[in-house]
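Please open the model in your viewer and keep the sequence panel visible. The stops below are given in the order in which they may be selected.

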Amino acid sequence: MKLDIDPMDRMILAELQRDGTLSVDQLSERVNLSRNACWRRVKLMEEAGIITGRVALVDAEKLGFGLSVFVLIRTTHHEPEWLKKFRDAVISIPEIIGVYRMSGDLDYVLRARVPDVKAYDRLYQRLIAKVPLSDVSASFVMEEIKETMELPAILR
């Protein structure tokens, strides 16, 4: 459900998406709003679930997780028991950082961060030991051209 967000909240969200470490004072200066009004708006957006958290973005390569992998999965299983087992399996593997149920040819796409191809193979072995899969293939990212968490056109 899309919420109607007023222009001031959109400006606040745009600034927080660029830098989640801004203090309320810094944020209020950037959007030209009093400190208290700015703080109230942020709190209301947190309570409404619009702001769901704040994180630090880290350089995966510098931390030894330089290989980004997209895992493409097809399955012949679509019953609730299998789905629960699959969810439990992917949630339990910390290298898997994104899981998406798809329309079209693929059933699921996983995004993982691992040190190297051998580490991906270990992840793959753990995954197939936990849940039966019909077809699994992996695509290794050669170059990250663009990656952002900012939503587009937040100011519109």
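Begin by selecting Glu15, a buried residue with a relative accessible area of 16%. The structure is a predicted model, and every value quoted on this tour is computed from it.

**The helical salt bridges**

Add Arg30 to the selection; its side chain meets that of Glu15 in a salt bridge, with an N to O distance of 3.3 Å. Because Glu15 belongs to helix H1 and Arg30 to helix H2, the pair ties together parts that are 15 residues apart in sequence. Unlike the buried Glu15, Arg30 is partly exposed, at 47% relative accessibility.

Next select Asp25 and Arg35, which form a salt bridge whose closest N and O atoms are 2.8 Å apart. Here Arg35 lies in helix H3 and Asp25 in helix H2, so this pair ties together parts that are 10 residues apart in sequence. Arg35 is partly exposed at 42% relative accessibility, and Asp25 is likewise partly exposed at 38%.

Now select Lys43 and Glu46, where a further salt bridge has its closest N and O atoms 3.1 Å apart. Both residues are in helix H3, and because they are 3 residues apart they are separated by about one helical turn. Glu46 is partly exposed with a relative accessible area of 29%, as is Lys43 at 31%.

To finish this group, select Asp6, Asp9 and Arg41, which are linked in a network of salt bridges. The whole structure contains 12 salt bridges.

**The loops beside helix H3**

Move to Asn32, in the loop between helix H2 (24-31) and H3. Its phi angle is near 60 degrees, a positive value in a residue other than glycine. Asn32 is exposed, with 70% relative accessible area.

Then select Gly49, in the loop between H3 and S1. Gly49 is partly exposed, at 40% relative accessible area. Display Leu3 as well: the C-alpha atoms of Gly49 and Leu3 are 11 Å apart, although 46 residues separate them along the chain.

**Strand S1**

Select Leu67 in strand S1, a buried residue at 12% relative accessibility. From its C-alpha to that of Arg40 the distance is 41 Å, with the two positions 27 residues apart in sequence numbering. Val69 also lies in strand S1 and is buried, at 0% relative accessibility. The C-alpha atoms of Val69 and Met45 are 33 Å apart, for a separation of 24 residues along the chain.

**The largest pocket**

Which residues are the closest to the centre of the largest pocket? Select Val55, Leu57, Thr148, Met149 and Glu150, the closest to its centre of the 46 residues that line it. The largest pocket holds about 1,600 Å³ of space.

Extend the selection to helix H1 (7-18) and strands S1 (67-74), S2 (96-101) and S3 (108-114), each of which supplies at least two lining residues. H1 gives the most, with 5 residues. Colouring the lining by class shows 23 nonpolar, 9 polar and 14 charged residues.

**The last stop**

Return to Val55, in the loop between helix H3 (35-47) and S1. Val55 counts as exposed because its relative accessibility is 70%, above the 50% cut-off for that class. Together with Leu57 and Met149, Val55 makes a nonpolar surface patch of about 410 Å². These three residues are also among the closest to the centre of the largest pocket.

Definitions and conventions. Residues numbered from 1 in each chain as written. Predicted model: local features only at pLDDT ≥ 70, side-chain atom pairs only at ≥ 80, totals over all residues. Heavy atoms only, no water. 1 Å grid on protein atoms, 1.4 Å probe; cavity = no way out; pocket = protein on both sides within 12 Å on 5 of 7 lines; lining within 4 Å. Points joined across faces, edges and corners; volume = space filled by probe spheres on them. Helix = DSSP H or I, 4+ residues; strand = E, 2+ residues; numbered from the N terminus. Nonpolar A, V, L, I, M, F, W, Y, C, P; charged D, E, K, R; others polar. Patch = residues over 30% accessible without salt bridge, like charges linked within 9 Å, V, L, I, M, F, W, Y side chains within 5 Å. Areas by Shrake-Rupley, 256 points an atom, 1.4 Å probe, with all protein chains shown as cover. Salt bridge = Lys/Arg side-chain N within 4 Å of Asp/Glu carboxyl O. Buried < 20%, exposed > 50% of the residue type's maximum accessible area, 1.4 Å probe, protein only.
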